[in-house]
Amino acid sequence: MTNFDKRSCYREVAAEIAAVLEGETNLVARLATVSNLLHHAFDHYFWTGFYIVDPEKPHELVIGPYQGTLGCLRIPYDRGVCGACAVQHETIIVDDVHEFPGHIACDNRSESELVVPVFDRSGRFFAVFDVDSDRKAQFDADDREGLEAILKASFSA
């Protein structure tokens with residue numbers, strides 16, 4: 001997929017997500033819809049989903065709605081790409097997960113990863129959105145921009 005095609009696909013899926021979510025207030029329904037529509041929109045998405053801040057266990061993420069193979073049930077903030085994103089509150093792109101210090105291999109077929117922090121309307125960090133690919137170097141600035149815009153519109157707008 002060329003970058004132009006990828007950008008177009010993000011615009012199309014963003015419009016679809018916005019239409020489906022219109023009027024929906026349930027957080028789980030919103031999370032599940034976003035992960036499902038994004039997972040099926042791109043062939044480079046192998047695992048797609050959310051890890052949510054666990055209010056009962058500070059500094060730990062618990063699995064939320066996702067698409068793909070079995071994911072890790074819990075991720076501490078001091079482990080893996082998702083943990084690093086939870087601490088930094090910045091999007092992280094990793095071309096080769098095997099070179100990322102502390103990487104957690106929830107599925108050993110994962111080769112590259114993109115993780116985006118998710119904020120609610122009040123600006124409170126409440127989750128990360130995690131996308132894995134079974135191929136190296138599958139994520140770039142177009143993925144980051146597309147996902148950041150979709151997540152902002154879906155959860156903090």
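How much space lies in the largest cavity? About 180 Å³, and this tour begins there.

**Before you start**

This is a predicted model, in which local features need pLDDT of at least 70, side-chain atom pairs count only at pLDDT 80 or more, and totals for chains, interfaces and linings use all residues. Residues are numbered from 1 along each chain as its sequence is written, and side-chain values use heavy atoms, with hydrogens and water left out.

**Stop 1: the cavity**

Rolling a probe the size of a water molecule over the atoms shows where empty space is left. Here the work is done on a 1 Å grid over the protein atoms alone: a cavity is a set of points where a 1.4 Å probe fits but cannot get out, and lining residues have an atom within 4 Å of a point. Grid points are joined across faces, edges and corners, and a volume is the space filled by probe spheres set on the points. Searching the whole structure turns up 1 cavity of 30 Å³ or more.

Select Ile-104, Cys-106, Glu-113, Asp-130 and Asp-132: among the 20 lining residues, these lie nearest the centre of the largest cavity. By class, the lining has 10 nonpolar, 5 polar and 5 charged residues. (Ala, Val, Leu, Ile, Met, Phe, Trp, Tyr, Cys and Pro count as nonpolar, Asp, Glu, Lys and Arg as charged, and the others, Gly among them, as polar.)

Which elements each supply at least two residues of this lining? Colour strand S1 (47-53), helix H3 (80-88) and strand S6 (125-133) to see them. Helices (H or I, at least four residues) and strands (E, at least two) are DSSP runs, numbered from the N terminus. The largest share of the lining, 3 residues, comes from H3.

**Stop 2: helix H3**

Stay with H3 and show its side chains. The helix is largely enclosed by the rest of the structure, because 7 of its 9 residues are buried. Buried means under 20% relative accessible area, exposed over 50%, and partly exposed in between (1.4 Å probe, protein chains only). To see the buried residues of H3, pick Gly-80, Val-81, Cys-82, Gly-83, Ala-84, Cys-85 and Ala-86. They pack against S1, strand S2 (60-67), strand S3 (74-76), strand S4 (92-94), strand S5 (112-119) and S6. Just after the helix comes His-89, whose phi is positive, near 55°.

**Stop 3: strand S1 and its partners**

Now select S1, a mostly covered strand with 5 of its 7 residues buried. Two strands pair if DSSP finds at least two bridges between them. S1 runs antiparallel to S6, joined by 6 bridges, and Tyr-51 has Val-128 in S6 as its bridge partner. S1 also runs antiparallel to S2, with 5 bridges; there, Val-53 is partnered by Leu-61. Follow the chain from S1 to S2 and you trace a hairpin with 6 residues between the strands, where His-59 in the turn has a positive phi of about 65°.

**Stop 4: rings**

Show Trp-47 and Tyr-51. The whole structure has 9 aromatic pairs. In this one the ring centres are 5.6 Å apart and the planes are at 20°, so the pair is stacked. Rings of Phe, Tyr and Trp (its six-membered ring) pair if their centres lie within 6.5 Å; planes under 30 degrees apart count as stacked, over 60 as edge-to-face and the rest as tilted. Trp-47 is buried at 4% relative accessible area, and Tyr-51 is buried at 1%. Then add Tyr-10, Phe-42, Tyr-45 and Phe-139, which ring pairs link into a cluster.

**Stop 5: Glu-60 and Ile-75**

Is Glu-60 buried or exposed? This residue of strand S2 counts as buried, at 17% relative accessibility. Contact means heavy atoms within 4.5 Å. Leaving aside neighbours within four places in sequence, the contacts of Glu-60 include Ile-52, Arg-74 and Ile-75.

Move on to Ile-75, which lies in strand S3 and is buried, with a relative accessible area of 4%. With the same neighbours left aside, Ile-75 is in contact with residues including Tyr-51, Cys-82 and Ile-104.

**Last stop: the largest pocket**

A pocket is an open set of points with protein on both sides within 12 Å along at least five of seven lines. The largest pocket holds about 160 Å³ of space. Select its lining: Thr-25, Leu-27, Arg-30, Asp-120, Arg-121, Arg-124, Phe-126, Ser-154 and Phe-155. Helix H2 (27-41) and helix H4 (141-155) each supply at least two of the lining residues. The lining divides into 3 nonpolar, 2 polar and 4 charged residues.
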